[in-house]
Amino acid sequence: MPDLLLELFSEEIPARMQRRAAEDLKKLITGGLVDAGLTYEGARAYATPRRLTLTVAGLTASSPDISEERKGPRVGSPEKALAGFLRGAGLTSIDDATIQTDPKKGDFYVAVINKPGRKADEIIAELVPDVIRKFPWPKSQKWGQAGEGALKWVRPLHSILCTLAVDGDVSEVVSFSVEGIESGNLTQGHRFHGKENFAVKRFEDYESGLKARKVILDLDERKDIILNDAKTLAFAQGLELVEDMGLLEEVAGLVEWPTVLMGKFEASFLDMPDEVIQTSIREHQKCFVLKDSKSGKLANKFILVSNLIATDGGATIVAGNQKVVRARLSDAKFFWETDLKTGLETRLYKLDNMVFHEKLGTLSARVSSIVTLAESLAPIVGADPALAKRAATLAKADLVTDMVFEFPELQGLMGRYYALALNEDPSVAEAIELHYKPQGPSDEVPTNPVSIAVALADKLDLLTGFWAIDEKPTGSRDPFALRRAALGVIRILADNDIRLSLRDIFAKARDGFAQSDDLMSFFADRLSVYLKDKGVRYDLLDAVFALGDQDDIVMISKRVQALGSFLSTDDGENLLAGYRRAANILRAEEKKAGTTYQGLVEGAHLHEEAEIALASAIEKARVAAQEAVAAEDFEAAMSALAILRAPVDAFFDKVLVNDEREEVRVNRLKMLTQIRQTTLTVADFSKISG
């Protein structure tokens, strides 16, 4: 069975696009082959800075012959209908069609259309140019001659290698052309160490030929080489690599033959925070920092990755990188020292000129709202109101520092460093850093009360603000990260076991806020996501929210988890079944009678032992469940409901609800209503699926 090898050779592809591009190439080509009727045993895609490669093994030699019948009009139909049928079926005469008889519809024409299979190379020659022309690059430009015939590609495409290997050393070029670029069987290796073209027959000699010419095809293999060599080089110096997987992915996409080297910088730069040094070296030079393996402190050395095998052992490359790193760190040190001299509070006036949102005003106005809300939240979360106010006042000040202007990703963190250096209370400094958190499901959650107050204030002000101006997330659009903010509020409250009414906080966050129900519904959706990640079913959350006025995240979570635990028991499962039976009977009878069956169950109309026992159990369960819910002991509330299980089972087993005596029938229907109302003490069982 043939093996396909495809390489698209170009100028340097941005590192951040390479892995996705390789996946897209594989998906589009293999999908197109399958759609055309070909099958294959396996496929794998690769990317280097200058090439996208795909190998498809065990490809069928041709697509199968296809025969299909196309039903036409009835015999005797108008000429116009017959002509349309002939055109659609590709027939020249109605005599080429067959006639079939339907007992109900009579005789009608049928065209038998035979489509012979196509050879794999024909399909590939048609498919690959189409994929190249329509390739989904995030950004691309037209290359080559201007006009309609120019190819739209991420960087100039130089050559296309496309071969179909059959057996042994036998292979053929799949011939096609894309805007003047003819396919062939030639490629080249490293830009400097293997520039000459060489011919390729199949993947094995392609991969080995590239490696001989200093190109490692597999991105993950390049990553492993960089990581292992960097660790080894660091260990030899008594140091440890500060791993950065995002940078590793990027650097592996910048080189075809990674060569790991070590540089150094002046120890005086270590007076700056480690994060500043790491960020500066990473962002400007794509280099890794090192730390002392014993003390854990940052060392004045760094790891760089070159794409060259230098004749001087890399000395010139290292010297060049050291020069640039030294200049960048000098800039960072200037920013650090200037910011320290200026301070945080003296920069707050600059927030007056920074528009947060055209409908919500300046960043200064937003800070003012956060300060007010943080101060009011402080007593609820156990924080000192004065410290919460101070932290909220300074929380956004580092946005206008020179350091954060240069490295926006350090916002919050630099505020903490500057606050500590200026002798602010440590809890204030921590709150400045952590008020953005958590920013994801695995991110750190603030635990210090002052940090909690400011982090909640920041997120709740954001949410109520955008809800007030009707700028809500829609579908996949969430430009202001409001889903993340709501999930952050949920995690802070849940992880710290903080009890508060969200609706009350909405009102404190924004005067006259009129979107409480809608925003609470949004929180319910986010809470559903949060609890689902913890293994809780979404329908249980619906069952609790259906009770209405549920806006305490901690209480809702505990209630839902207790309900889930209860329903996983035999008592819970059987009670749910009994509830459904009662609800179904009630629904049918209420619809028939056009009324509900409310009111007290009358003891005079209780005749059967099973219904007497059930009436007693309902009353006991109702009282016990209400008391447990009032005490917020939801496990006890579920246990209270559990006593209904046996009486409900016995009732449906031994008692006929629709008794011929009207007063007895109505009394028993009232009892079913009480079952429904008693379960509503803890949840709306009608919302529970399964």
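**Close-up views of a predicted model**

**Figure 1. Once its neighbours within four places in sequence are set aside, Asp218 is in contact with Arg44 and Tyr46.** Please keep in mind, here and in the other views, that this is a predicted model. Asp218 sits in the loop that links helix H4 (203-212) to helix H5 (219-236). Is Asp218 buried or exposed? Its relative accessible area is 14%, under the 20% cut-off, so Asp218 counts as buried. The contact with Arg44 has a polar component: the side chains of Asp218 and Arg44 make a polar contact at 2.8 Å. A polar atom of the Asp218 side chain also lies 2.9 Å from the backbone nitrogen of Asp220, and Asp220 belongs to helix H5 (219-236).

**Figure 2. Thr464, in helix H14 (residues 449-468), is shown with its surroundings.** With a relative accessible area of 0%, Thr464 is buried. Which residues does Thr464 touch, not counting those up to four places away in sequence? They are Phe506, Ala509, Arg510, Phe513 and Leu519. For Arg510, the side chain is joined to that of Thr464 by a polar contact of 3.4 Å. Back within helix H14 (residues 449-468), look for the backbone oxygen of Asp461, which lies 3.3 Å from a polar atom of the Thr464 side chain.

**Figure 3. Leu298 has its place in strand E18 (residues 298-306).** At 12% relative accessibility, Leu298 falls under the 20% cut-off and therefore counts as buried. Leaving aside neighbours within four places in sequence, the contacts of Leu298 are Val242, Leu270, Asp274, Ile277, Val289, Leu290 and Lys291. If you would like a sense of scale, try Leu563: Leu298 and Leu563 are 265 residues apart along the chain, and their C-alpha atoms are separated by 50 Å.

**Figure 4. Asp24 is placed in helix H1 (residues 15-35).** Asp24 is another residue that counts as buried, with 11% relative accessibility. Not counting residues up to four places away in sequence, Asp24 touches Phe135 and Pro136. What is the C-alpha to C-alpha distance between Asp24 and Arg328? The two lie 37 Å apart in space, with their positions 304 residues apart in sequence.

**Figure 5. Three strands build an open sheet in the order E4-E6-E5, with antiparallel pairing.** Strand E4 (66-74) and strand E5 (98-102) are the edge strands; each has a single partner strand, so one side of each is left without a neighbour in the sheet. From one strand to the next, the twist averages 35 degrees. How do strands of a sheet pair in general? They do so through backbone hydrogen bonds, in a parallel or an antiparallel arrangement.

**Figure 6. A closer look at the sheet shows E5 pairing with strand E6 (residues 106-115) in the antiparallel sense.** How many bridges does this pairing run over? There are five bridges between E5 and E6. To find your way along the pair, you can start at Thr101, whose bridge partner in E6 is Asp107.

**Figure 7. Helix H2 (residues 79-89) lies across E4 and E6.** At what angle does helix H2 run to E4? The angle is about 170 degrees. E4, as in the sheet view, stands at an edge of the sheet with a single partner strand, and the strand order E4-E6-E5 places E6 in the middle.

Definitions and conventions. Residues are numbered from 1 along each chain as its sequence is written. This is a predicted model: local features need pLDDT of at least 70, side-chain atom pairs count only at pLDDT 80 or more; totals for chains, interfaces and linings use all residues. Side-chain values use heavy atoms; hydrogens and water are left out. Helices (H or I, at least four residues) and strands (E, at least two) are DSSP runs, numbered from the N terminus. Buried means under 20% relative accessible area, exposed over 50%, partly exposed in between (1.4 Å probe, protein chains only). A polar contact is a pair of N or O atoms within 3.5 Å; within protein, one must be able to donate a hydrogen and the other to accept it, and residues adjacent in sequence count only if both atoms are side-chain atoms. Contact means heavy atoms within 4.5 Å. Two strands pair if DSSP finds at least two bridges between them. Axes are lines fitted to C-alpha atoms, for helices over the stretch in contact, and angles run from 0 to 180 degrees between N-to-C directions.
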